[in-house]
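The exercises below ask you to read packing and backbone geometry from a structure, and each is followed by a solution in steps. Please keep the sequence and the 3D view at hand while you work through them.

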Amino acid sequence: MMRSSRFSDTVNVFTLLMVICFIVLFSSSVLVEGKIRRFKWEVKYELKSPDCFEKLVITINGQFPGPTIKAQQGDTIIVELKNSFMTENVAVHWHGIRQIGTPWFDGVEGVTQCPILPGEIFTYQFVVDRPGTYMYHSHYGMQRESGLIGMIRVSPPSTEPEPFTYDYDRSLLLTDWYHKGMSEKATGLASIPFKWVGEPQSLMIQGRGRFNCTNNLTTPQRSEAEVCNASNTYRLRIGSLTSLSALSFQIEGHNLTVVEADGHYVEPFTVRNLFIYSGETYSVLLKADQNPSRNYWITTSIVSRQEKTSPATAVLNYHNNHPRQRPQTLASSNFRPKWNDTRHRLAQSLAIKAQKGYVQAPPENFDKVIVLLNTQNKVNGYMRWSVNNHNLTDAFDWRFTPPESYDSRNYDVFAVPSNANATMSDGIYRLKFNSTVDVILQNANTMSVNNSETHPWHLHGHDFWVLGYGEGKFNEWEDPKRYNLVDPIMKNTVAVQPYGWTALRFRADNPGVWAFHCHIESHFFMGMRIVFESGIDRVANLPSSIMGCGQTKR
């Protein structure tokens, strides 16, 4: 059996091993009148050694990862955030929270808010209108990978029980970790010659990992609650906020039953390895049904890139075993899939369906199709990631519409781009309010021969239906015939596999201006992003707190 805690959201059940507007508010469920939950946060840098290497880490009230927000559907969250950085701005995005009626609190610097300057206090206020597992993180530059991250857990009202049962609820936040600071990495990406950030130095589970530690085991986390029986079932809310890496998560000898993805119930299916991409959240059920006389390995490892970073490892501690007792096997015996096993990962994506009784059928028809070619290019000699050979500048002009497709007839997605030059503009995609939009994400070869990367794309302000996945080039005539229009899962983040495509559909029914981008920090920084706008005339009067930047606030 596992040690547990009534209220703690850290991995107390695990002993971490250092190897480690005026807009109508609506919801997919019945609205309830919620509570007001207030938080007062101070964000600053502190010297910490989460993987036994000391570096500057962003903390919230001294914590890394930041405190978990726990709320119930319909609650109003108020976060008073003080920027105590000496020289850096900050903005916080509430990942997966649609910000219905509050688009100005989405937290994307340069799109929906001015950055919070050093010494300033800014208050976010929004409603969590739907139960599920979500996250928050910095959305300023490449700051997220320095540690400003955390989880959000929203429970349903007591009158609406979830379609699965469990005894205890835990969260696990997975990250990768670099020892270089944000500014040094960003400078390399924006230089000639181009300097890639490289692979992360370590992976971490709930903010703990190992780079070069002399001690095998960390000081064990203390349990604050009663001991549970070996037959208990645990809901593990697993989120990934990696800056680069796609991950596989597994627990030695145990099956994981997937029941939720990005806040939507999944028709349950069982996996040994849970593939998770940056920006995604999953809930899995873990049955403590193995031999209780020993402990078991928990590991997370890199997939889709060559595994040059050691897996992160933790210990699943059954009661009556010392929490520092190592499992009887080697950590490497906990089966991990091959890093380049794309078919295995694609199979998991195809297996995710909306749970019966909770299916929200997508519109049968669409009003617009936007095809986005994920390519690597150069602009004036600078290496960039682009969409349809197109990069946005730092300002936006509604009068110009960026390209909605590419020359698919003649473009070879398996070859290095014949024309390496991309163009720059400040156009955004203007969508008719309440229209239905299909987006086709098409992956192609990079500037290197025989190389295509995995890209997790995240949409702000909306959820979308995942209609289908495929290998190779999307066929606009044949592939839509195979779309799942019966029980597709809804998500806010979805992966596009190397040399593959992913099709999604969403309804532009949330007035505002919304980012849509690759969730890999360096790719986002290098231009892999677009902006959607719809229903601006329906947005209410903007709050005075967001009016102006810096001195213009006066």
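Two residues are in contact when heavy atoms of theirs lie within 4.5 Å. Bear in mind throughout that this is a predicted model.

**Exercise 1. The nonpolar cores**

Task: Find which residues have the most contacts inside the largest nonpolar core, and list what Phe-506 touches beyond its neighbours up to four places away in sequence.

Solution: Begin with the core as a whole, which has 66 residues and in which Phe-506, Phe-516 and Phe-532 have the most contacts. Next, ask where these residues come from: the core draws at least three residues from each of domain 2 (168-351) and domain 3 (368-538). Then centre the view on Phe-506 and, leaving out residues up to four places away in sequence, collect its contacts, which are Leu-431, Ser-435, Thr-436, Val-437, Val-439, Leu-459, His-462, Asp-463, Phe-464, Trp-465 and Phe-532. Finally, a second, separate core of 30 residues can be found, and Ile-58, Ala-91, Ile-97 and Val-128 are among its members. As background, nonpolar side chains in soluble globular proteins tend to be buried together.

**Exercise 2. A histidine in a strand**

Task: Place His-137 in its strand, decide whether His-137 is buried or exposed, and name the side chains with which its own side chain makes polar contacts.

Solution: First, locate the residue: His-137 belongs to strand E8, which covers residues 132-138. Second, compare its relative accessible area of 1% with the cut-off, and since buried means under 20%, His-137 is buried. The strand around it is likewise covered, seven of the seven residues of E8 being buried. Third, look at the strands beside E8: strand E6 (residues 92-95) pairs with E8 in the antiparallel sense over four bridges, and Met-135 in E8 is the bridge partner of His-95. E8 also pairs with strand E9 (residues 149-155), again in the antiparallel sense but over six bridges, with Gly-150 in E9 as the bridge partner of Tyr-136. Fourth, turn to the side chain, where polar contacts join His-137 to the side chain of His-95 at 3.4 Å and to the side chain of His-519 at 3.3 Å. Both partners appear in the list of residues that His-137 touches beyond four places in sequence, which also includes Ala-91, Val-92, Arg-144 and Leu-241.

**Exercise 3. Two aromatic pairs**

Task: Classify the ring pairs Tyr-45 with Phe-85 and Tyr-265 with Tyr-358, and state how far apart the partners are along the chain.

Solution: A pair of aromatic rings is described by the distance of the centres and the angle of the planes. The count of aromatic pairs comes to 26. In one of them, Tyr-45 and Phe-85 have centres 4.8 Å apart and 35 degrees between their planes, and the pair is tilted. Its partners are 40 residues apart, with Tyr-45 in strand E2 (residues 36-48) and Phe-85 in the loop between strand E5 (76-83) and E6. Tyr-45 is partly exposed at 24% relative accessibility, whereas Phe-85 is buried at 4%.

For the second pair, the centres of Tyr-265 and Tyr-358 are 4.9 Å apart and the planes meet at 80 degrees; because an angle over 60 degrees counts as edge-to-face, that is the class of this pair. These partners are 93 residues apart, Tyr-265 in strand E15 (residues 264-271) and Tyr-358 in the loop between helix H2 (342-351) and strand E20 (368-379). Their C-alpha atoms are separated by 7.0 Å. Apart from neighbours within four places in sequence, Tyr-358 is in contact with Pro-161 and Pro-163 as well as Tyr-265.

**Exercise 4. Backbone exceptions**

Task: Identify the residue joined to Phe-64 by a cis peptide bond, and give the sign of phi at Cys-52 and Asn-434.

Solution: The background is that most residues other than glycine have a negative phi, and most peptide bonds are trans. Start with the peptide bonds: the one joining Phe-64 and Pro-65 is cis, with omega about -10 degrees, and Pro-65 lies in the loop between strand E3 (55-60) and strand E4 (69-72). The bond from Ile-192 to Pro-193 is also cis, with omega near 5 degrees. Continue with phi, which is positive at Cys-52, near 75 degrees, and positive at Asn-434, about 70 degrees. Cys-52 sits in the loop between E2 and E3, and Asn-434 in the loop between strand E24 (429-430) and strand E25 (436-443).

Key. Residues are numbered from 1 along each chain as its sequence is written. Side-chain values use heavy atoms; hydrogens and water are left out. Helices (H or I, at least four residues) and strands (E, at least two) are DSSP runs, numbered from the N terminus. Buried means under 20% relative accessible area, exposed over 50%, partly exposed in between (1.4 Å probe, protein chains only). A polar contact is a pair of N or O atoms within 3.5 Å; within protein, one must be able to donate a hydrogen and the other to accept it, and residues adjacent in sequence count only if both atoms are side-chain atoms. Two strands pair if DSSP finds at least two bridges between them. A nonpolar core is a set of buried Ala, Val, Leu, Ile, Met, Phe, Trp, Tyr and Cys residues joined through side-chain atoms within 4.5 Å. Domain bounds come from an automatic or database domain assignment. Rings of Phe, Tyr and Trp (its six-membered ring) pair if their centres lie within 6.5 Å; planes under 30 degrees apart count as stacked, over 60 as edge-to-face and the rest as tilted.
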